[in-house]
Structures are given as C-alpha cells and as structure tokens.
Amino acid sequence: MATDDTDHESPTLDQARRQLKNYSLAVDPQAVLVAVRLISAGARLGRATEEHFARFGLSTGRYRLLADLEDHNGEKSPSHLAADLGVSRATVTGLVDGLEREGLVARRPSRDDGRAAVVVLTARGAQRLRDMAPEHFTRLQNMVGSLTVEERAVFLDLLSRVVRGIDALTAE
C-alpha cells in the first residue's frame, strides 16, 4: 500500500480491502488502514520535527536530551539518559559529544560515584532552551490547534494504547 505524502487520505479503506483480498487474508482492513496511516503520519512528523529543530541548530535527539536534562535538575548519567530517551548508550554518547562541542552540555564526575560521569546542562544549553521556548511551544500548540480539549484528551488515550501495541511489529 504505497502512500503519497501529499495525500493525507491515502491509502483508502477500499485500497486496504483490495490488498487484503489479493492476499486472501482475514485481517480487519480498517485496522490495517489505521496502522498504515499512523506509520505514514509518523514519518511525516519525523521529517517536520527535524526541520523544526534545525531552526534552532538542533536535531530532535539533541533537543530531547537537553530537555530531559532540564527536567532532571540539569544533570543525569548517560545510562539514565539512554533509558529515558529510549536510545542506546552509543547514541547518547554521540549526542553528548556534539552538544559538548557546542558548549550546551558538559561531562563531569558524579557526586555519588566519582568513577562515573554525569552529563550537565550548561548555562548556554539552558539559554538555548529558553530562547527557543516561545516559538517551539507555540508551534506545538498550533500543530494540534484544530482539536478541542476533549479531542486532545481522547487522542492522548488512543495514542497511549497504540504505543503499547507497537511491539506487535517487532515481536518474534
């Protein structure tokens, strides 16, 4: 079921039915359609997010790391960053290396365990987040601005349930 990024209503339910019929599968075509459109929307959102954060000299990953540090009093171990961001330690190392070169984060020994290191949000990193906040959060609000408060609440519930089902794509 190929989709065209310019057509938000593609594929259609009829297309899903035809494809499932071609394969003689007893699968709910509406469920397939929802999943395919969600995958397409996720890809489009990922591209738009990268473009959005590039305005501020960041990537999505770099922003998420900075925001996570800010949410945790400005410091965190690399292993906790990796776990909370849902990425590998190697990915965190790459993100931290780049952010450190820009002076947005620093590494220092842990107060709790001098053998371990923590990543610290620098004043420059905190300032970058403050500088981008008005535009960033306004754009986020505008992205979902056509939804009512009630619709957003329903969407959050539905999204949570869909996220719990993501493992079905990779289960053995």
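# Notebook: helices, core and charged pairs

**Entry 1, a pair in α6.** I began with E135 and R139, which are separated by about one helical turn because they stand 4 residues apart in helix α6. Helices here are DSSP runs of H or I with at least four residues, strands are runs of E with at least two, and both are numbered from the N terminus. As a general point, an α-helix has 3.6 residues a turn, so residues three or four places apart point the same way.

The model is predicted: local features need pLDDT of at least 70 and side-chain atom pairs count only at pLDDT 80 or more, whereas totals for chains, interfaces and linings use all residues. Residues are numbered from 1 along each chain as its sequence is written, and side-chain values use heavy atoms, with hydrogens and water left out.

I then looked up the contact itself, and E135 and R139 form a salt bridge whose closest N and O atoms are 2.8 Å apart; the term requires a side-chain nitrogen of Lys or Arg within 4 Å of a carboxyl oxygen of Asp or Glu. E135 is partly exposed because its relative accessibility is 33%, and R139 is partly exposed too, with a relative accessible area of 37%. For these classes I used under 20% relative accessible area for buried, over 50% for exposed and anything in between for partly exposed, with a 1.4 Å probe and protein chains only. The pair also belongs to a network of salt bridges that links R55, E135 and R139.

**Entry 2, other salt bridges.** How many salt bridges does a search of the whole structure find? The search returns 13, and I noted two more of them in detail.
- K76 and D84 meet through their side chains at 2.3 Å, N to O; K76 counts as buried because its relative accessibility is 8%, while D84, at 45%, is partly exposed.
- D113 and R115 have their closest N and O atoms 3.1 Å apart; D113 is partly exposed at 27%, and R115, at 77%, counts as exposed.

**Entry 3, the nonpolar core.** I next turned to the largest nonpolar core, which has 22 residues, and recorded L58, L65, L66 and V105 as those with the most contacts inside it. Such a core is a set of buried Ala, Val, Leu, Ile, Met, Phe, Trp, Tyr and Cys residues joined through side-chain atoms within 4.5 Å. The elements that give two or more residues to this core are α3 (60-71), α4 (78-85), α5 (89-101), β3 (117-121) and α6 (123-143), and α3 gives the most, with 5 residues.

Which residues does L66 touch, leaving out those up to four places away in sequence? I listed L58, L99, L104, V105, L121 and L129, where contact means heavy atoms within 4.5 Å.

**Entry 4, helix α3.** I checked the span of this helix: its 12 residues reach 16 Å from the first C-alpha to the last, close to the 16 Å expected, the expected span being 1.5 Å times one less than the number of residues. The buried residues of α3 include the nonpolar L65, L66 and L69, but also R62 and D68.

After α3 comes N73, in the loop between α3 and β1 (75-76). N73 is not a glycine, yet its phi is positive, at about 55 degrees, and its 78% relative accessibility makes it exposed. I found a positive phi of about 55 degrees at S24 as well, again not a glycine; S24 sits in the loop between α1 (13-22) and α2 (29-54), and at 67% relative accessibility it is exposed.

**Entry 5, R128.** Is R128, in helix α6, buried or exposed? I recorded R128 as buried, because its relative accessible area is 19%. Leaving aside neighbours within four places in sequence, R128 is in contact with F56, G57, L58, E102 and L104.

**Entry 6, a nonpolar surface patch.** Last, I looked at the outside and noted a nonpolar patch of about 590 Å², made by I39, F155, L159, V163, I166 and L169. Patch residues have over 30% relative accessible area and no salt bridge, with nonpolar side chains (Val, Leu, Ile, Met, Phe, Trp, Tyr) joined within 5 Å and like charges within 9 Å; the areas come from the Shrake-Rupley method with a 1.4 Å probe, and for residues only the protein chains shown count as cover. Helix α7 (residues 149-164) supplies the largest share of the patch, 3 residues. V163 lies in α7 and is partly exposed, because its relative accessibility is 46%.
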